[in-house]
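Here is my note on the model you sent. Please keep the structure open while you read, and take the points in order.

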Amino acid sequence: MIPDDITQAVLARKDVARYLRGGHGQSEVEARERIESYLDELRTTQRYPIYRALKHPLYPILRKVERIDEHVDVAQAATRAGRVIYVSNHKSHLDYLVEPLVLDDAGIRPPITAAGINLFGGPLGLLHRHVTGAIPIRRNTKDPAYLVTLKAYVAEQLQRSDLLFYIEGGRSYSGELKAPKTGLLHAAVQADVDGAVVVPMAVAYDLVLEDHILSHAATSRRSKPFAREVAEMIRYAVGYQTRAFVSFGRPVPLAGFDAEARRDVMSLAHQIRETIGLLYKVLPTAIVAAAMRPSTSRRDLEARADALVDALAQAGGNLAVASGREAVEAGVPVLAARNIIHVERDGRYRVRERTVLRYYARTIQHLLVPRRARTH
């Protein structure tokens, strides 16, 4: 379908037509111009053969990340049956590479992706707009004209493509699984595509490439411009090596959820977040980080890690290890090599980067202290 058809389809959608008639302190012509301006910004095209070829120039970073999928057959079956909306947590800029590549490795048709508009500057913006098929999202915009255009555009794209988006909005700076955002989920329900399902997915890393950047930004409450962050990420990529687990959950049919009922959309969002929390791979680095004290012996660390493993198992966590000893043996060398903890000559472990260690500890907080318990 050519872009003009998309424009006409968006303008014809019920919510957009209601906005155009509504006034909002402007004439219908002015309202239409605002809608079309936002539509131009959102418009994207995916050229899949070129997109796949990007693996080659990105090889220097991709070779540092071992991709491991869990239950990808769920996604294969879902795409054979109909339209799929993948909803994931968001840990790193690498998510935009790792998760689509896991789908591609399994021979699954590529979704378009919703990404923060900060990733659309300069040549990277052209790449997203004309190759990867990413939709730029203004996450903090409350303009009704933008919100109604975004939802209508996403709904129209879902008639043609699968979609991948991040339910937390942006990356988690503190490490914890954030509360769900409902804008894109509402658009997916509103699209009313026959047989459409949400496939929850969770991505987890032994080490997050921008761990130092995110954790310190959470403390200072200031994020850095994308270009400056990329420059720092290159520095932290030296010696970087990690596994990336991408886990898929059971599809959730959208039929039965009412786009006009906010309670329905909120309920769906919380259901998906809970599922993602249980799918999230609990890795040794997170267990060691949660069990560490400023200075601790191996025996004490293993005992605390054992207690954590038991608690996480009881919470239904997707554990990568079966004991505290296993977590310490696998997690300590990784955190020590990243200079987050230090192993003394006498065998004691000391914290070197407390802020970064807390970041990893918080990645499993949703399993140890459920959100509902923390809000009361």
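**Notes on strands and cores**

1. Start with E12 and E13. Strand E13 covers residues 349-351, and three bridges join E12 to it in an antiparallel run. For one pair to find on screen, take Val343: its bridge partner in E13 is Tyr349. Bear in mind throughout that this is a predicted model.

2. Now widen the view to the whole sheet. It is open, has three strands and follows the order E10-E13-E12, with antiparallel pairing. Strand E10 (295-296) and strand E12 (341-343) are the edges, and each of them pairs on one side only.

3. Which helix lies across E12 and E13? Look for H16, residues 324-337. Helix H16 runs at about 110° to E12.

4. Move on to strand E6, residues 197-205. Nine of its nine residues are buried, so the rest of the structure largely encloses this strand. "Buried" here means under 20% relative accessible area.

5. Check both faces of E6. On one side sit Val197, Val199, Met201, Val203 and Tyr205, and these are all buried. On the other side sit Val198, Pro200, Ala202 and Ala204, again all buried. Both faces are therefore covered, with buried judged as under 20% relative accessible area.

6. What does E6 pair with? In general, strands of a sheet pair through backbone hydrogen bonds, either parallel or antiparallel. Strand E2 (residues 84-88) pairs with E6 in the parallel sense over five bridges. Here Tyr86 stands opposite Val199.

7. E6 has antiparallel pairings too. Five bridges join E6 to strand E7 (residues 242-248), and the two run antiparallel. Ala204 has Phe245 as its bridge partner in E7. Strand E8 (residues 252-253) also pairs with E6 in the antiparallel sense, over two bridges. There, Val198 stands opposite Val252.

8. Turn to the packing. In soluble globular proteins, nonpolar side chains tend to be buried together. The largest nonpolar core in this model has 66 residues. Which of its members touch the most others? They are Tyr86, Phe248, Ile287 and Tyr360. A second, separate core holds 52 residues, including Leu20, Val87, Ala187 and Ile272.

9. Finish with Tyr360. Leaving aside residues up to four places away in sequence, Tyr360 touches Asp206, Leu207, Val208, Asp211, Thr285, Ala286, Ala289, Leu335 and Ile340. Select these residues together and view them around Tyr360.

How values were computed
Residues numbered from 1 in each chain as written. Predicted model: local features only at pLDDT ≥ 70, side-chain atom pairs only at ≥ 80, totals over all residues. Heavy atoms only, no water. Core = buried A, V, L, I, M, F, W, Y, C linked by side-chain atoms within 4.5 Å. Buried < 20%, exposed > 50% of the residue type's maximum accessible area, 1.4 Å probe, protein only. Contact = heavy atoms within 4.5 Å. Helix = DSSP H or I, 4+ residues; strand = E, 2+ residues; numbered from the N terminus. Pairing = 2+ DSSP bridges. Axes fitted to C-alpha atoms, helices over the stretch in contact; angles between N-to-C directions.
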